[in-house]
Amino acid sequence: MSSLEWLLIYVALGLSTVVNIIVPISGSAVVTPLLALLTDPYHAIGIASFFFFLSAIVRAYMFRNDIQWNEIRILLFPSVVAALFGALVVIAIPQQILLLIILLFSIYFLLKKLNIIPKQEKPSRILNHFVGLLSGFLQGTGLAGSDLRNQYLYAQNLNIPKVHGTTAFIGAANFFVATSARLLTQQLTLPDITQLLYLFPIIIIATWAGRHLLYKLPPKISNYIVVFVMSAVVILLGYKIFIG
């Protein structure tokens, strides 16, 4: 790729980082398709995983005071193990089946957020671990695992900064494991990802800018954004499954 093409990618990824902080949308819905325009889908997934790893490190640091360690203890281990497995079997899993599972869980968590389904005094341990497993597996395969994990965290009444800090910590671990597995199995090579190291300063600046804007939002507006995003995820997933 030419220097101009890489420059356009850097600008696009930087802007998507800012937007993703303010309005948490799946990076897999923006970054991976962009990269797929320039390379084959499997390389796009691999390169996107490394980009998400870099982004998650910055985000986890900037939202370190908002990390919910009780959720980390519940979700981290099953998520990382599943991410490794997902990175190894990505080609063999029918995407429509995974999308349907995400849709069903997204609807469930949205109904909980809207109090249509009463919240439990103590969340189910089985459900918690399953969310960790499935979200990690999806991130390992290159699909939108953070959507499912974020829906779960929002349903626990966490605000956007707390969700950012918590999910970024888990995501960094998942993407590190997934990227390492792809390198070891030669799904990905070092030259495929080294170009993205130049993007790291842009990620830092874009995350800082997004964080600065986010903290200026009133809690009521942030809550509206959460409900809007959760609803949009359900609608878009349903549409994607329907046209698929």
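Of the 244 residues in this protein, 49% count as buried. The model is predicted, with an average pLDDT of 78 and 79% of the residues scoring at least 70. The accessible surface amounts to about 12100 Å², and carbon and sulfur atoms account for 72% of that area.

**Whole chain**

Begin with a cartoon view of the protein, which shows 11 helices and 0 strands. With contacts displayed, consider the pairs of residues at least 6 apart in sequence: 81% of these contacts join residues at least 24 apart.

Next, colour the chain by pLDDT. Helix H4, residues 69-88, has the highest confidence, at a mean of 91, while helix H2, residues 31-36, has the lowest, at 65. Where pLDDT is low, the predicted coordinates should not be read in detail.

**Helix H7**

Select residues 145-155, which make up helix H7. How many of its residues are buried? The count is 11 of 11, so the helix is mostly covered, given that buried means under 20% relative accessible area. Polar and charged names appear in this buried set, including Asp147, Arg149, Asn150 and Gln151. Tyr152, Leu153 and Tyr154 are buried as well. Just after H7, select Asn157, whose phi is positive, at about 65 degrees.

**The largest nonpolar core**

Now show the side chains of Leu75, Phe109, Tyr152, Leu153, Tyr154 and Met230. Within the largest nonpolar core, which has 27 residues, these six touch the most other members. The elements that each contribute two or more residues to this core are H4, H5, H6 (125-141), H7, H8 (160-184) and H11 (219-243). Helix H11 gives the largest share, 7 residues. In soluble globular proteins, nonpolar side chains tend to be buried together.

Centre the view on Met230. Leaving aside residues up to four places away in sequence, Met230 touches Phe109, Leu110, Lys113, Gln151 and Tyr154. A second core, separate from the largest one, holds 18 residues, among them Ala48, Val58, Met62 and Leu196.

**Aromatic pairs**

The structure holds 6 aromatic pairs. Select Phe52 and Phe175 to inspect one of them: the ring centres are 5.2 Å apart and the planes meet at 45 degrees, a tilted arrangement. This pair links distant parts of the chain, with Phe52 in helix H3 (residues 41-62) and Phe175 in helix H8, 123 residues apart. Are these two residues buried or exposed? Both Phe52 and Phe175 are buried.

Then add Phe50, Phe53 and Phe176 to the selection; these three residues form one aromatic cluster.

**A charge over a ring**

Move to Tyr61 and Arg64. The charged end of Arg64 sits over the Tyr61 ring, 4.2 Å from the ring centre.

**The loop after H4**

Finish at Ala92, in the loop between H4 and helix H5 (95-113). Why does Ala92 count as exposed? Its relative accessibility is 63%, and exposed means over 50%, so Ala92 falls in that class. To place Ala92 in the fold, select Thr141 as well: the two residues are 49 apart in sequence, and their C-alpha atoms are 9.9 Å apart in space.

Methods. Residues are numbered from 1 along each chain as its sequence is written. This is a predicted model: local features need pLDDT of at least 70, side-chain atom pairs count only at pLDDT 80 or more; totals for chains, interfaces and linings use all residues. Side-chain values use heavy atoms; hydrogens and water are left out. Helices (H or I, at least four residues) and strands (E, at least two) are DSSP runs, numbered from the N terminus. Buried means under 20% relative accessible area, exposed over 50%, partly exposed in between (1.4 Å probe, protein chains only). Contact means heavy atoms within 4.5 Å. Accessible areas come from the Shrake-Rupley method with a 1.4 Å probe; for residues, only the protein chains shown count as cover. pLDDT is the predictor's confidence in each residue, from 0 to 100. A nonpolar core is a set of buried Ala, Val, Leu, Ile, Met, Phe, Trp, Tyr and Cys residues joined through side-chain atoms within 4.5 Å. Rings of Phe, Tyr and Trp (its six-membered ring) pair if their centres lie within 6.5 Å; planes under 30 degrees apart count as stacked, over 60 as edge-to-face and the rest as tilted. A charge sits over a ring if NZ of Lys or CZ of Arg is within 6 Å of the ring centre and within 35 degrees of the ring normal.
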